[in-house]
Amino acid sequence: MVRDFVGEMTTMGGTVLVTGAGMDMSLLAPLRGRGLLVPSKPIQPLTEEELIRGLRGAVAYVHGGEEQATAEALRSARETLKVVAFLGVGYENFVDVTAADDLGIVVTSTPRAATESVVELTIGQIINANRNIGRHIGDRYPYWRGPEELPHELSSRTVGIVGLGANGTRIAEILRAFRVDVAYFSRTRRRDVEERLGLSFLPLLELAERSDILVVMVPCTAETRSMVGVEVLKRLRPGAVLINTARPAVVDPDALYEVMSDKRVGTAVFDGFYDRNSRVAAKLLKTFGDRLLVTGHIASHTREAMDRMVLQAVGSIENVLSTGADEHAVGKHGGNS
């Protein structure tokens with residue numbers, strides 16, 4: 001089905017390739033108004049070969065799926081492709097921005113469009129894991145064997161947040177409403193947020209030592225990959241909860257296996273998980289299945305967040321096609337170059 005649809009699209013000129021799931025395609029109407037051919041539904045998933053075929057004749061590419069926009073795929077479209085509009089902020093994991101820059105293809109992202117959605121899921125999982133709700137679903141009566149099995153109220157816990165960007169700040173705001181003691185580590189210290197919310201700034205290792213619950217909320221880059229490793233995880237309080245609704249690779253999987261084995265980490269929560277072909281990922285799931293709460297990268301997927309991301313992407317595409325620039329461009333075309 002995917003191959004047939006991609007083949008159909010490549011016969012058309014001036015196309016927009018749209019990948020992913022759950023989009024309201026009517027929101028792409030402004031692109032149709034520009035005379036571009038927009039498909040009736042997005043497609044997923046795509047192999048590199050299928051992506052190359054789908055990009056033939058495409059002037060814009062709305063990247064809302066899990067496919068890798070590799071250098072080879074982008075080079076194949078260099079004659080026509082002007083813009084890759086990524087839905088979300090973790091574009092580094094899916095788009096070869098360096099190759100796009102070299103080819104003169106603008107890559108854009110959708111900052112802040114999914115903040116409320118990601119934060120909402122993260123807060124829900126913090127409560128879920130702290131109270132161990134899943135263990136009790138379906139039971140009519142509690143079965144505590146002793147007081148040591150009783151969960152703790154959030155207000156008695158210390159939550160450490162790694163990364164105080166838009167998402168981390170919003171998480172801190174909500175936790176403080178629960179009267180939770182919140183500390184954070186960020187490469188850029190946020191004294192204004194500290195003062196407003198009453199947060200403590202700590203170096204990463206000290207943050208881990210104080211944390212009953214550690215929330216990972218940084219993008220996955222070359223600098224942050226595996227930054228939450230064995231040295232950090234072994235400093236957590238015994239039985240700690242690890243919440244990673246950012247990218248799995250920020251947490252070192254071998255280190256996670258080690259600290260879950262000795263119950264330094266009692267429960268680990270991930271939105272999206274390591275590569276399905278990864279040996280250590282399979283071992284984690286097999287060994288700690290009841291202590292691993294894994295969702296399929298759904299944090300940003302609410303109707304409202306998806307609509308905001310698509311509308312922002314459409315605006316970016318229009319800007320790039322009209323002027324060659326956009327405020328949400330990344331790489332050498334953006335403010336982070």
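**Exercise 1. The loop that holds Pro-45**

Task: State between which two helices of this predicted model Pro-45 is found, and give the form of the peptide bond that leads from Gln-44 to Pro-45.

Solution. Step 1: Pro-45 is found in the loop that joins helix H2 (29–33) and helix H3 (48–54). Step 2: The bond from Gln-44 to Pro-45 is cis, and its omega is near -15 degrees.

**Exercise 2. Positive phi in two loop residues**

Task: Locate Arg-112 and Lys-263 in the chain, and decide whether Arg-112 is buried or exposed and whether Lys-263 is buried or exposed.

Solution. Step 1: Arg-112 is found between strand S4 (106–108) and helix H6 (115–131), in a loop. Its phi is positive, about 70 degrees, although Arg-112 is not a glycine. Step 2: A residue counts as exposed when its relative accessible area is over 50%. Arg-112 has 65%, and is therefore exposed. Step 3: Lys-263 lies in the loop between helix H12 (253–261) and strand S10 (265–271). Lys-263, likewise a residue other than glycine, has a positive phi near 60 degrees. Step 4: The relative accessibility of Lys-263 is 56%, so Lys-263 counts as exposed.

**Exercise 3. Strand S8 and its partners**

Task: Describe which way the side chains of strand S8 (residues 213–216) point, and identify the strands that pair with S8 in the parallel sense.

Solution. Step 1: In a regular strand, side chains alternate between the two faces of the sheet. Step 2: In S8, Ile-213 and Val-215 point one way, while Leu-214 and Val-216 point the other way. All of these residues are buried. Step 3: Strand S5 (residues 158–162) pairs with S8 in the parallel sense over four bridges, and Val-162 stands opposite Val-216. Step 4: Strand S9 (residues 240–244) also runs parallel to S8, joined to it by four bridges. Here Val-215 stands opposite Ile-243.

**Exercise 4. The chain as a whole**

Task: Determine whether the radius of gyration of the chain agrees with that of a compact globule or departs from it, and characterise the chain further by its secondary structure, burial and contacts.

Solution. Step 1: For 337 residues, a compact globule would have a radius of gyration near 20 Å; the chain has 22 Å, which agrees. Step 2: The C-alpha trace spans about 70 × 45 × 35 Å along its principal axes. Step 3: The chain contains 14 helices and eleven strands. Step 4: Of its 337 residues, 52% count as buried. Step 5: Among contacts between residues at least 6 apart in sequence, 64% join residues at least 24 apart.

Key:
Residues are numbered from 1 along each chain as its sequence is written. This is a predicted model: local features need pLDDT of at least 70, side-chain atom pairs count only at pLDDT 80 or more; totals for chains, interfaces and linings use all residues. Side-chain values use heavy atoms; hydrogens and water are left out. Buried means under 20% relative accessible area, exposed over 50%, partly exposed in between (1.4 Å probe, protein chains only). Two strands pair if DSSP finds at least two bridges between them. The radius of gyration is taken over C-alpha atoms; the globule rule is 2.2 Å times the number of residues to the power 0.38. Contact means heavy atoms within 4.5 Å.
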